Amino acid sequence: MPAFSAPIIVIGGGIGGLTTALALLQRGFDVTVCEQAPMLREVGAGVQIGSNGTRVLYALGLEAPLRAVQVLPPRRQLRHWRTGESWDWLTLGAASVERFGTPHILMHRNDLHAILVNAVRKFKPDAINLGMQCTAVTQTAAAATAHFAGGKEVSGAAIIAADGIHSRVRQCLFGAGKPEFTGCVAWRGLVPMDRLPAHLAQLVTTNWLGPHGHVLHYPVRRGELMNFISIVERDNWQVESWIIAGNSDELAADFGGWHHDVHTFIDAIDTPYKWALLARGPMARWSEGRVTLLGDACHPTLPFLGQGAVMAIEDAYVVAACLAKYPDDPERAFARYEDIRKERTTSVVRKSHENRAHVFSPDLADSGALANEVVQYWQQQHVRERLDWLYQYDATSIAV
Ligand SMILES: Cc1cc2nc3c(=O)[nH]c(=O)nc-3n(C[C@H](O)[C@H](O)[C@H](O)COP(=O)(O)OP(=O)(O)OC[C@H]3O[C@@H](n4cnc5c(N)ncnc54)[C@H](O)[C@@H]3O)c2cc1C
């Protein structure tokens with residue numbers, strides 16, 4: 001049992017914050033989660049959890065509820081942006097279990113979020129407090145205090161801020177920072193499977209490679225929905241938020257000249273949402289005394305490897321293990337957590353950035369060049385050489 005009885009305060013009830021809360025509760029800590037939203041909900045979108053992420057979620061006892069809603073992609077394909085020509089590539093799903101011990105799964109974000117909320121509430125029914133927007137953090141030698149809009153304060157032994165890409169706590173501790181616009185905008189939408197023609201309503205993950213954009217669609221929620229994500233080069237939209245609605249005409253215009261199957265998807269989305277992709281360099285430090293950062297708050301990751309949420313999940317396990325090792329010394333625990341996680345997350349952030357050139361580039365405009373890229377870059381052997389280090393990482397057995 002931890003040496004102190006004051007709670008650990010977790011700011012943010014997203015995937016990172018809730019996984020942290022669960023990992024801490026399982027280790028016997030008292031936890032108070034403070035989430036700014038008035039109700040618990042994730043955005044309507046899919047999320048891929050690679051084997052390195054499911055390894056942690058399974059260790060936290062979530063295998064059974066995940067199985068009830070996840071999709072294991074039996075097949076993955078690459079397609080040419082204009083001709084629609086297709087190539088099979090790296091199978092994940094069941095194949096990832098054989099290779100890495102745990103599967104690569106496809107989820108609706110709301111389903112993953114709900115599983116985490118239920119698991120946290122099983123340990124402590126009133127752990128999650130809503131409508132609590134953190135505005136500042138302060139600390140003394142013995143405690144840390146989070147301050148909230150409206151004047152409330154909550155004190156505890158330590159604060160872990162998983163308050164996302166626009167982290168208020170990061171700003172309090174280290175200043176605002178300067179994100180750089182990548183020149184890319186991401187679109188998202190969900191389509192009921194029964195709204196798609198039979199040849200698209202398949203349990204297949206498809207990546208469309210093209211010259212100035214990328215389209216990815218994969219099934220979620222037991223295959224009842226298809227998640228659509230696209231990324232396009234554009235410089236006239238720079239708002240970094242998941243909740244800004246665009247419209248189908250604008251999305252269709254971004255993919256003018258693309259294969260009609262891409263447009264079938266676009267037409268089937270009721271409301272597409274857009275997000276400008278901004279990049280940030282690695283931070284020198286994440287912690288100050290009894291306060292630390294976690295997930296997108298300290299290492300926001302571009303989506304080109306599908307690993308941002310997974311990094312938050314890995315962080316969560318490690319920070320809880322560090323606090324369990326140094327229960328009466330949060331400062332030391334957070335220093336060790338940073339030590340363990342910094343190199344890993346910095347490489348993932350960097351490699352996600354680099355991977356952009358392989359999912360779209362002007363060189364991929366014609367199908368000969370794209371076929372060549374498939375052979376050079378996307379063959380099983382090459383993909384494994386590039387990605388095994390990512391999926392093999394075991395946050396649950398790191399020596400703290
Ligand atoms: C297009 C796109 C696709 C992606 N696909 C994938 C994928 O397939 N796989 C993957 O692993 N990652 C993916 N990611 C990345 C992933 O979405 C993020 O890395 C992940 O959501 C980070 O989790 P988090 O808990 O750190 O932050 P968030 O999910 O941003 O959660 C932060 C929480 O904190 C709350 N909050 C914010 N400010 C305050 C405050 N002041 N006070 C209290 N609460 C606050 C928010 O309301 C929110 O609930 C993708 C990202 C994009 C843009």
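Two exercises with worked solutions follow, on a helix pair and on one histidine of a predicted model.

The model is predicted, with local features needing pLDDT of at least 70, side-chain atom pairs counting only at pLDDT 80 or more, and totals for chains, interfaces and linings using all residues. Residues are numbered from 1 along each chain as its sequence is written, and side-chain values use heavy atoms, leaving out hydrogens and water.

**Exercise 1.** Describe how helix α2 (residues 51-59) packs against helix α9 (residues 308-325).

*Solution.* Begin with the geometry: the helices (DSSP runs of H or I, at least four residues, numbered from the N terminus) pack at an angle of about 40°, with their axes, lines fitted to C-alpha atoms over the stretch in contact, 9 Å apart. That makes α2 oblique to α9, a word for angles that are not under 35 degrees, over 145 or from 65 to 115. Next, list the contacts (heavy atoms within 4.5 Å): N52, G53, V56, L57 and A59 in α2 meet V310, M311, I313, E314 and Y317 in α9. These residues divide into seven nonpolar, two polar and one charged.

**Exercise 2.** Determine whether H80 in strand β4 (residues 75-80) is buried or exposed, and what surrounds H80.

*Solution.* The relative accessibility of H80 is 0%, so H80 counts as buried, the limits being under 20% for buried and over 50% for exposed. Leaving aside neighbours within four places in sequence, the residues in contact with H80 include W87, W208, L364 and D366. Finally, a polar atom of the H80 side chain lies 3.0 Å from the backbone nitrogen of T83.

Key. Axes fitted to C-alpha atoms, helices over the stretch in contact; angles between N-to-C directions. Helix = DSSP H or I, 4+ residues; strand = E, 2+ residues; numbered from the N terminus. Nonpolar A, V, L, I, M, F, W, Y, C, P; charged D, E, K, R; others polar. Buried < 20%, exposed > 50% of the residue type's maximum accessible area, 1.4 Å probe, protein only. Polar contact = N/O pair within 3.5 Å; in protein donor to acceptor, adjacent residues only side chain to side chain.
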